[in-house]
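This report describes side-chain contacts and surface features for a reader who has not met the structure before. Please look at the sequence and the model first.

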Amino acid sequence: LNASAFFYDYKDLQVGKVVNLSAVIENAAEASIYGAEIELKTLITDNFSVDAGLSLLKTEYDEFFTEDPGLPAGTGEVNLAGNSLPRSPEYQGFVSALYSIPLNGGATIDLWGNFQFTDEQFFTQFNRSNVAQGSYQLLNAKISYTSDDGRWRVTLFGDNLTEEDYFTNALESGVPTPGVDPVLPQYFVGAPRTYGLQVTFNTN
């Protein structure tokens, strides 16, 4: 069992944004970040193990005045104090299980499953609901055959088995679209349900 806690107090934090398709870096924010991480590794039997992890995170701008490219020109600076930092879900974690089946002759078959969960998060400092990702879960699994001498391994895997739709990041163009959106988001889409076959040969 491993555990840790942390606290960061940032001064003059560099924060990026996009204004009229151009990247701009500002160096004037103050922010606080604190949280904890817990990781558990267990060997339940000689052939069955379970791993789990959980992270808790709280982020906040303590002081940050900046112009919002999504507001009409001339609006001036807005105060983002209290907003969350981008890509900072309050909690995320996983549970993994591995079961090994020994075969006659020394070969093994490994069965592995993994469940991941991630809380909602914003992708920019402005904390817009349309440039964000709600909480989501991912389920992954694989089965592997390893030869008795350990030189060959064949693995069949499946990722995102429930075919969860989610975004890993999003950017704002910095160009308002009147009547449609303050700024046009550009999303990075997470991988869909994916299957694959891996063959590994060890020459040693």
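The text below covers salt bridges, aromatic rings and a nonpolar surface patch.

The model is predicted.

**Salt bridges**

Side chains of opposite charge can pair when their charged atoms come close. The count here comes to 10 salt bridges. The table gives three of the salt bridges, with the N to O distance.

| Salt bridge | Closest N to O | Separation in sequence |
|---|---|---|
| Glu90 and Lys58 | 3.9 Å | 32 residues |
| Arg153 and Asp110 | 3.6 Å | 43 residues |
| Glu172 and Arg128 | 2.6 Å | 44 residues |

Glu90 sits in the loop between strand S5 (77-79) and S6, while Lys58 belongs to strand S3 (residues 48-63). Glu90 is partly exposed at 43% relative accessibility, and Lys58 is partly exposed at 32%.

Arg153 is in strand S11 and Asp110 in strand S7, so their salt bridge ties together parts that are 43 residues apart in sequence. Arg153 is partly exposed, with a relative accessible area of 35%, whereas Asp110 is buried at 13%.

Glu172 is found in strand S12 (residues 167-172), and Arg128 in the loop between strand S8 (121-122) and strand S9 (132-133). Glu172 has a relative accessible area of 7% and is buried; Arg128 has 12% and also counts as buried. Salt bridges that share partners also join Asp9, Lys11 and Glu30 into one network.

**Aromatic rings**

A pair of aromatic rings is described by the distance of the centres and the angle of the planes. The model has 9 aromatic pairs. One of them is the stacked pair of Tyr8 and Tyr10, at 6.0 Å centre to centre with 20° between the planes. Tyr8 is partly exposed at 42% relative accessibility, and Tyr10 is partly exposed at 32%. In the pair of Phe115 and Phe117, the centres are 6.2 Å apart and the planes stand at 35°, so this pair is tilted. Phe115 is partly exposed, with a relative accessible area of 35%, as is Phe117, with 21%.

Phe6, Tyr8 and Tyr10 are linked by ring pairs into a cluster. Lys142 lies over the face of Trp112, 5.0 Å from the ring centre.

**Nonpolar surface patch**

A nonpolar patch of about 1100 Å² lies on the surface, and its residues include Tyr99, Ile101, Leu103, Trp152 and Phe201. The elements that give two or more residues to this patch are strands S6 (91-102), S10 (136-146), S11 (152-159) and S14 (194-201). Leu103 is placed in the loop between S6 and strand S7 (108-118). Leu103 is partly exposed, with a relative accessible area of 32%.

Conventions: Residues are numbered from 1 along each chain as its sequence is written. This is a predicted model: local features need pLDDT of at least 70, side-chain atom pairs count only at pLDDT 80 or more; totals for chains, interfaces and linings use all residues. Side-chain values use heavy atoms; hydrogens and water are left out. Patches are made of residues with over 30% relative accessible area and no salt bridge: like charges are joined within 9 Å, nonpolar side chains (Val, Leu, Ile, Met, Phe, Trp, Tyr) within 5 Å. Accessible areas come from the Shrake-Rupley method with a 1.4 Å probe; for residues, only the protein chains shown count as cover. A salt bridge is a side-chain nitrogen of Lys or Arg within 4 Å of a carboxyl oxygen of Asp or Glu. Helices (H or I, at least four residues) and strands (E, at least two) are DSSP runs, numbered from the N terminus. Buried means under 20% relative accessible area, exposed over 50%, partly exposed in between (1.4 Å probe, protein chains only). Rings of Phe, Tyr and Trp (its six-membered ring) pair if their centres lie within 6.5 Å; planes under 30 degrees apart count as stacked, over 60 as edge-to-face and the rest as tilted. A charge sits over a ring if NZ of Lys or CZ of Arg is within 6 Å of the ring centre and within 35 degrees of the ring normal.
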